[in-house]
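The following exercises concern the structure shown below. Please attempt each task before reading its solution.

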Amino acid sequence: MQHLSEETLARLVAEEPTPEEAAHLAGCAECAAELAAYTEQTEALAALPMLEAPGRVWAGIEDGLVERARTRQRRASWLRAAAAVVLFAGGVGAGSLARGGADAPPAPRTEAEAAVQLREAQAAYVAALTRYSEMTGSDRAVDPASRLAALEGIVLTTRAALKQAPADPVINGYHLAAVGQRDALLHQISRAAAPVQTWY
Amino acid sequence: MSEHELIRRAQEGDPGAIELLYRRHSARVYTVVRRLTGDDASAEDAAQEAWLRALRSLRRFRGQSLFSTWLHRIAVNCALEGERRSHRKREAALPEEVEAETIEGEPLLRRRLERALDSLPSGMRRVIVLHDVEGYTHEEIGVLLGVSEGTCKSQLFKARAKLRAQLRWTREGEGACSI
């Protein structure tokens with residue numbers, strides 16, 4: 001006698017048999033038992049219990065969430081930096097446009113007036129840079145020794161440049177700003193210094 | 001806390017709510033990905049990916065379906081995608097709680113079933129898990145796997161037969177038991 005195939009029995013778990021298949025099952029105890037076993041197997045699959053997730057899964061999810069937050073933070077920093085550049089550039093542009101307008105300072109008539117305007121412009125420049133650092137989050141403290149060394153380098157360079165072009169306003173501006181910042185830093189350091197200070 | 005309130009808080013980024021949401025649904029997600037992938041390492045990867053994907057999309061969840069249904073679909077997709085790209089070797093180990101059970105009566109049957117499922121070729125395992133364990137229709141499985149309903153049915157019958165043969169073989173090895 002030709003038995004029903006395994007795949008036919010697997011199908012008959014949930015489908016009606018053809019008349020021929022039904023006749024065979026009625027007369028073949030072996031195939032009927034196999035079909036019962038297939039049905040039992042399918043019912044057992046449907047009744048399988050849930051499995052507990054290992055603790056490592058949640059740990060991995062937490063890591064993923066932290067990493068995502070960091071990525072978002074980095075992206076936000078870039079956006080802030082870009083926004084700051086736009087603001088800064090916009091401010092400079094607006095300042096340039098305003099020069100000669102109603103808010104522009106009057107043209108200096110003496111060297112003293114010119115020097116005052118130069119110092120004010122330098123102060124505005126430094127304030128803008130400080131604001132820029134705050135906005136971009138790049139205002140991390142630099143150790144005084146490094147900053148002093150950098151300022152000293154600028155002072156020496158601009159002093160050498162001034163020997164070549166003593167009346168150049170841009171070089172004068174940089175030189176005066178660097179000297180002013182260096183002196184301010186030296187003053188700050190000397191006030192905060194411990195008896196033995198080896199920052200240099 | 002109600003499910004609705006829990007989801008609302010999780011959508012706002014409340015870490016406690018996110019963890020509680022995970023605790024409530026972690027077993028369901030892990031179960032389906034474990035059975036679909038057939039090994040622990042792939043299942044852990046798929047479960048993590050499913051949760052991260054769900055949490056990333058949580059703000060867009062509007063409650064038009066049950067959260068558990070929505071999450072289950074994401075988990076199934078992650079398991080299927082993960083299996084396609086994963087080249088990891090499968091581990092023969094069974095889930096811990098299955099191993100910890102006694103080998104008397106029903107736990108033995110469960111253990112044999114889990115082991116037999118793991119041993120199936122992945123195509124067959126996906127179809128039989130989705131149909132016989134998770135209760136998906138042939139139409140739904142066809143959409144998920146990108147195959148016709150006819151192919152899906154044919155794979156299911158082959159998978160049942162293969163599973164039956166596997167169980168018969170392990171029964172001979174382990175002693176008498178039902179099925």
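**Exercise 1.** What does the secondary structure of chain B come to, in helices and strands?

*Solution.* This is a predicted model, in which local features need pLDDT of at least 70, side-chain atom pairs count only at pLDDT 80 or more, and totals for chains, interfaces and linings use all residues. Residues are numbered from 1 along each chain as its sequence is written, while chains are lettered from A and ligands numbered from 1 in the order in which they are written. Helices (H or I, at least four residues) and strands (E, at least two) are DSSP runs, numbered from the N terminus. Chain B has nine helices and zero strands.

**Exercise 2.** Which residues touch the most other members of the largest nonpolar core?

*Solution.* A nonpolar core is a set of buried Ala, Val, Leu, Ile, Met, Phe, Trp, Tyr and Cys residues joined through C-beta atoms within 7 Å. A residue is buried if 20 or more other C-beta atoms, placed from the backbone, lie within 10 Å of its own. The largest such core has 48 residues, and Val29(B), Tyr30(B), Val33(B), Ala47(B), Ala50(B), Ala75(B) and Ala79(B) touch the most other members. Helix α2 (residues 15-37) of chain B gives the most to this core, eight residues.

**Exercise 3.** How many residues does the contact take from chain B and from chain A?

*Solution.* Two residues are in contact if their C-beta atoms, placed from the backbone, lie within 7 Å. Chain B gives 29 residues and chain A gives 27 residues. The elements of chain B that give two or more residues to its side include α2 and α3 (40-57).

Definitions and conventions. Buried ≥ 20, exposed ≤ 12 C-beta atoms within 10 Å, placed from the backbone.
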